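Work through these exercises with the model open in your viewer. Try each task before you read its solution.

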Amino acid sequence: MSDKELKISGEGKVVCVTGASGYIASWLVKLLLQRGYTVKASLRDSNNPKKTEHLVSLEGAKERLHLYKADLLEEGSFDAVVDGCECVFHTASPVNLSPTDPQAELIDPAVKGTLNVLRSCTNVASLRRVVLTSSVASVSYNGKALTPDVVVDETWFSDPVFCEKSKFWYMLSKTLAEEAAWEFAKENGIDLVAINPGLVIGPLLQPTLNLTVEMLLNHINGAQTFPNKVNMYVDVRDVALAHIQAFEVTSASGRYCLVGHVVHISEALGIIKQLYPTLSIPGKCEDDKPLLPKHQVSKEKAKSLCPNFTPLEVSLKDTVESLKRKGFLNF
């Protein structure tokens, strides 16, 4: 697709992105502006340069990016942002793997926030679709063993009871938020599409570290061992583009698992070691158990939104280069 085609597709169309300063959302705003869309972007703190500078400096931002202050827990606070939009991309949701108060820090903002945004959407005559940024966190955490013959797909749902028992609070928040979204959309006739990405990596636009990239950074920045874990990776640029496709492809519906590569963390670290031999990358697992086996995630449905996933080597290299550029890694 040429740049010209890219720019034409969104011309004259107004869309909204919630939580616009986030990792995925920033890329989404960038690609929407590139395609000619006018973007109404919500932030919890629109006066913080760390949250806004990288957005207002994007190409097309001066003409077609409008920032709004909105709070997930404040009812009606998204009314002005979604007004006049053809699509609402709801990406705003807290990410925290070790909350002290899971209900207040994760579950309320995720669930109540999603319902607040959807409630605001019910009054918008121009609205054609809502695209929700969900996660594989609401897909694969149901207690089933992830063995090599297992194929996770869109029919899977995480089990809230299992998540709560296991203290998987982030997974619980994403599961409950997505469940609430489907129920509300059905009751109120909203055309909803959910994007369920795996562990998102790739270059950062925002100046601060986000959790998924920070997890990778921690493994290559002086760690002695690596965890015995299998990760489902996807590139942030693929995720952002799939969101746009979820709006532009009229036949898009339901949920889409977006996972480019399922690999053991040691495999990902091995790729980085090959690319950057001088980095001190742990070669030893933190436990003496056999390395966990890899399962599979179906790409069948995702193909219609993301026909070609970015190669893992490219995503990892671009992540490291980005961390270096932003001063999080020195070598």
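**Exercise 1.** In which loop is the place of S158? Locate the residue, then classify it and list its surroundings.

*Solution.*
Step 1. Note that this is a predicted model. S158 sits in the loop that links strand 6 (151–152) and helix 7 (160–165).
Step 2. Check the accessibility. S158 has 3% relative accessibility, and buried means under 20%, so S158 counts as buried.
Step 3. Look for a polar partner. The S158 side chain reaches the backbone nitrogen of V139 at 3.0 Å.
Step 4. Collect the contacts, setting aside neighbours within four places in sequence. S158 touches V136, A137, S138, V139, S140, Y141, N142, C163 and T175.

**Exercise 2.** In what order do the 7 strands of the open sheet run, and is the pairing parallel or antiparallel? Name the edges too.

*Solution.*
Step 1. Read across the sheet. The order is 3-2-1-4-5-7-10, and the pairing is parallel.
Step 2. Find the edges. Strand 3 (65–69) and strand 10 (254–258) each pair on one side only.
Step 3. Add the twist. From one strand to the next, it averages 20 degrees.

**Exercise 3.** Which way do the residues of strand 5 point, and are they buried or exposed? Then trace the partners of this strand.

*Solution.*
Step 1. Recall the rule: side chains in a regular strand alternate between the two faces of the sheet.
Step 2. Apply it. R129, V131 and T133 point one way from strand 5, while V130 and L132 point the other way.
Step 3. Judge the cover. In strand 5, 5 of its 5 residues are buried.
Step 4. Take one partner. Strand 4 pairs with strand 5 in the parallel sense over 4 bridges. Within this pair, V88 has V130 as its bridge partner. Between the two strands the chain passes through helix 6 (residues 102–121), giving a right-handed β-α-β crossover.
Step 5. Take the other partner named here. Strand 5 (residues 129–133) and strand 7 (residues 192–197) also pair in the parallel sense, over 4 bridges. L132 has A194 as its bridge partner, and T133 stands opposite I195.

**Exercise 4.** Which strands does helix 8 lie across? Repeat the search for helix 2.

*Solution.*
Step 1. Helix 8 (residues 169–188) lies across strand 5, strand 7 and strand 10. Its direction is at about 165 degrees to strand 7.
Step 2. Helix 2 (residues 23–34) lies across strand 1 (14–18), strand 2 (38–43), strand 3, strand 4 (87–90), strand 5 and strand 7. Helix 2 runs at about 165 degrees to strand 1.

How values were computed: Residues numbered from 1 in each chain as written. Predicted model: local features only at pLDDT ≥ 70, side-chain atom pairs only at ≥ 80, totals over all residues. Heavy atoms only, no water. Pairing = 2+ DSSP bridges. Axes fitted to C-alpha atoms, helices over the stretch in contact; angles between N-to-C directions. Contact = heavy atoms within 4.5 Å. Buried < 20%, exposed > 50% of the residue type's maximum accessible area, 1.4 Å probe, protein only. Polar contact = N/O pair within 3.5 Å; in protein donor to acceptor, adjacent residues only side chain to side chain. Right-handed = clockwise from strand over helix to strand, strands pointing away.
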